[in-house]
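Here are my notes from a read through this model, set out point by point. Have the structure open while you go through them.

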Amino acid sequence: MRKGILSTLLLMLVIGWSGCSSSDGGSTTAPTPTPVPPVQTLPASADVDVEILGAGAGTSGQGNAVAFLFEITERGGLGCNINFIRVDVFRATGEFEERQEIGAGEIIRQTGTHRLEANETRELTVLIGFRATVKSGRTLTVTIGMTDDRSNDQDWSETLIFN
């Protein structure tokens with residue numbers, strides 16, 4: 001009787017086992033997982049470097065125009081918009097003389113765009129008009145205001161003596 005019970009259990013085990021096998025007769029394999037792309041995080045803010053490559057003044061019947069050649073580089077991986085370029089002029093004595101500024105619209109008109117993409121380097125030439133004569137020996141403070149793609153406002157500023 002024991003042999004009968006053992007053979008019945010063995011038969012049930014074989015039948016149960018064959019019901020679990022795949023239809024092709026091979027072993028079952030787990031499906032290949034779909035790879036998940038890595039989450040890309042944007043930097044907290046743009047990292048913008050500005051260098052003044054040159055500056056020169058010209059006189060007209062309406063005052064002076066000062067041309068600036070900038071090299072602007074975004075190194076942080078986040079684009080930004082240039083909102084304004086401002087120049088403060090001080091006499092050799094340190095006394096404030098005049099401030100002029102151009103906004104985003106004028107920057108676009110003069111250069112074609114006020115946008116600096118992530119990791120982009122641009123050369124930018126702009127003209128800024130002054131009522132007073134910008135003479136040699138004057139101190140100029142140049143400020144560039146920007147807003148990056150995370151709405152962070154940034155200012156870059158440099159002071160130079162105009163020759």
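**Notes on the model**

1. Let me start with a charged pair: Asp-149 and Arg-115 meet through their side chains in a salt bridge, 2.8 Å from N to O. The two partners come from distant parts of the chain, 34 residues apart, with Asp-149 in the loop between β7 and β8 (153-161) and Arg-115 in strand β5 (residues 115-116). Asp-149 counts as partly exposed, at 43% relative accessibility. Do keep in mind that this is a predicted model.

2. That pair has company. Arg-115 and Asp-149 belong to a network of salt bridges that also takes in Glu-117. In total, the structure holds eight salt bridges. As a reminder, side chains of opposite charge can pair when their charged atoms come close.

3. Next, have a look at Glu-97 and Arg-138, another salt bridge, where the closest N and O atoms are 2.9 Å apart. This one also links distant parts of the chain: Glu-97 sits in strand β4 (residues 96-103), while Arg-138 is in the loop between β6 (121-130) and β7 (139-148), 41 residues apart. Which of the two classes, buried or partly exposed, does Arg-138 fall into? Arg-138 is buried, because its relative accessible area of 12% is under the 20% cut-off. Glu-97, at 21%, is partly exposed.

4. For a local pair, go to helix α2 (residues 104-111), which holds both Arg-109 and Glu-106, three residues apart, or about one turn of the helix. Their salt bridge has its closest N and O atoms 2.7 Å apart. Arg-109 is exposed, with a relative accessible area of 61%, whereas Glu-106 is partly exposed at 25%.

5. Now to Ile-85, which is in strand β3 (residues 80-90). Ile-85 counts as buried, with 0% relative accessibility. What does Ile-85 touch, leaving aside its neighbours within four places in sequence? The contacts of Ile-85 include Phe-70, Ile-102, Ile-107, Leu-124, Val-126, Ile-128, Val-142 and Ile-144. Gln-100, Glu-101 and Thr-143 are also among them. I'd check the backbone here too: the C-alpha atoms of Ile-85 and Gly-145 are separated by 6.5 Å, although these residues are 60 apart along the chain.

6. Staying with β3, this strand pairs with β4 in the antiparallel sense over seven bridges. If you want a register marker, Val-87 stands opposite Gln-100 in β4. Gln-100 is also one of the contacts of Ile-85. The β3 and β4 hairpin has five residues between the strands, and Gly-94 there takes a positive phi near 95°.

7. Lastly, two backbone angles I'd look at. Asn-119, in the loop between β5 and β6, is not a glycine, yet has a positive phi of about 60°. Is Asn-119 buried or exposed? Asn-119 counts as exposed, because its relative accessibility of 54% is over the 50% cut-off. Ser-151 is another residue other than glycine with a positive phi, near 65°. Ser-151 is found in the loop between β7 and β8, and is exposed, with a relative accessible area of 59%. Asp-149, from the salt bridge in my opening point, lies in the loop between β7 and β8 as well.

Key: Residues are numbered from 1 along each chain as its sequence is written. This is a predicted model: local features need pLDDT of at least 70, side-chain atom pairs count only at pLDDT 80 or more; totals for chains, interfaces and linings use all residues. Side-chain values use heavy atoms; hydrogens and water are left out. A salt bridge is a side-chain nitrogen of Lys or Arg within 4 Å of a carboxyl oxygen of Asp or Glu. Helices (H or I, at least four residues) and strands (E, at least two) are DSSP runs, numbered from the N terminus. Buried means under 20% relative accessible area, exposed over 50%, partly exposed in between (1.4 Å probe, protein chains only). Contact means heavy atoms within 4.5 Å. Two strands pair if DSSP finds at least two bridges between them.
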